[in-house]
Amino acid sequence: MARDHGGDIDRAAARYGAGDWIDLSTGINRRPWPLGTLPPQVWQSLPTASATDRLRRAAAGWFGCAPSHVLPMAGASAAIQAIPRLWPAGRAAVLAPSYNEHAASLRAGGWQVTDCPGIMEMAGADLAVVVNPNNPDGREWRPETLARLAGTVGHLVVDESFADARPDLSLIPSLPHNALILRSFGKFWGLAGLRLGFVVAVPDLLDRLSAAAGPWAVSGPALHVGAQAMADRAWTDDTVVYHAEAALRLDRMAVGAGWRPAGGTHLFRLYDTPDAAAAQDRLAAGHVWSRRFPYSRHWLRLGIPGSHAEWDRLSAAMRKS
């Protein structure tokens, strides 16, 4: 059964008409790392241990940890699907509302899942899951707060898919022994099609997760591109600055359209609108796709435009809405 997600641009085109769509329904960076021509060998042979090691070192340098604590995977989603199988099913506490794949994957694995409005309600769970900063409302928790939570649960999963511009929020530098930290590559670097992500944890947990994932869990092209992109600090610095300024600009535009900022991160913003369905319809009339949520009549999420042309089209569509 399909679950609610952004990125369903085919559905948008089927409903509102084909054309040059701007997909702002996801939190994927629309100014991606500049992907050049890849060496033929990354396509022609199986991924090598040396290529995996290069990526682990580059990722560890970015995250601020030892390479032995980093496991590349085929997207953070692969980890979300595998983690429920690491231990016998028990009681899981999941922050809500949040990214819906966590609770869905746990329930599919036989776990008894409790949706929690905050982390104070999670103590005593066999497994707790927190997205930090949270998707879609951008709520944040300090690392020391999450470290205390780790001491009250069996295992703690912290999804830091939107934390690349906020190293101050990361639990990785003080990694608890019972924690697994999820990081996404595709969102910040804007190359979601590579299907690359990471789990950061102590080696014995990574060994169990690696065994569950099987050999060659990450493609050769993803290993090659990931290692180069994560070492490109000039690009990452420019990207953080651009999105910090762009988020403020988008909030100002939303206020001008009569919407109230309701949170978000450097890669997406959340707005409280009078009628989210009507706002989405009017943006879609300008072929700008946004994200609504089945549990709210008012929340509308927008990604950050990536060019002058996209800003102009969004501004025109928002004035109509």
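Domain bounds here come from an automatic or database domain assignment. The model is predicted.

**Figure 1. Two domains make up the division of this protein.** Domain 1 has two segments, 9–32 and 234–318. Domain 2 covers 40–231. Their C-alpha centres lie 26 Å apart.

**Figure 2. Domain 1 meets domain 2 across an interface.** On the domain 1 side, 20 residues are in contact with domain 2. On the domain 2 side, 19 residues take part. The size of an interface is often given as the accessible area lost when the parts come together. Here the two domains bury about 1600 Å² between them. Carbon and sulfur atoms carry 71% of that area. Three residues stand out on domain 1: Ile-28, Thr-236 and His-266. Together they supply 28% of the area that domain 1 buries against domain 2, more than any other three residues.

**Figure 3. Helix H3 packs with helix H9.** Two packed helices are described by the angle between their axes and the distance between the axes. H3 spans residues 49–63, and H9 spans residues 220–230. Their axes come within 8 Å and cross at roughly 30°. Angles under 35 degrees count as roughly parallel, so H3 is roughly parallel to H9. The crossing of H3 and H9 is left-handed.

**Figure 4. Side by side, H3 and H9 share a contact.** H3 brings Ala-51, Thr-52, Arg-54, Leu-55, Ala-58, Ala-59, Trp-62 and Phe-63. H9 answers with Leu-223, Gly-226, Ala-227 and Met-230. Of the residues in this contact, nine are nonpolar, two are polar and one is charged.

**Figure 5. The loop between strand E5 and helix H6 holds two cis peptide bonds, at Pro-133 and Pro-136.** Strand E5 runs over 127–131, and helix H6 over 143–150. One cis bond links Asn-132 to Pro-133, with omega near -5°. Another links Asn-135 to Pro-136, with omega near 25°. Most residues other than glycine have a negative phi, and most peptide bonds are trans.

**Figure 6. Arg-195 has a positive phi.** The value is near 55°, in a residue other than glycine. Arg-195 sits in the loop between helix H7 and strand E8. H7 covers 186–189, and E8 covers 197–200.

Terms used:
Residues numbered from 1 in each chain as written. Predicted model: local features only at pLDDT ≥ 70, side-chain atom pairs only at ≥ 80, totals over all residues. Heavy atoms only, no water. Axes fitted to C-alpha atoms, helices over the stretch in contact; angles between N-to-C directions. Helix = DSSP H or I, 4+ residues; strand = E, 2+ residues; numbered from the N terminus. Parallel < 35°, antiparallel > 145°, perpendicular 65-115°, else oblique. Left-handed = near helix turned anticlockwise from the far one by under 90°. Contact = heavy atoms within 4.5 Å. Nonpolar A, V, L, I, M, F, W, Y, C, P; charged D, E, K, R; others polar. Buried area = accessible area lost by both parts, 1.4 Å probe.
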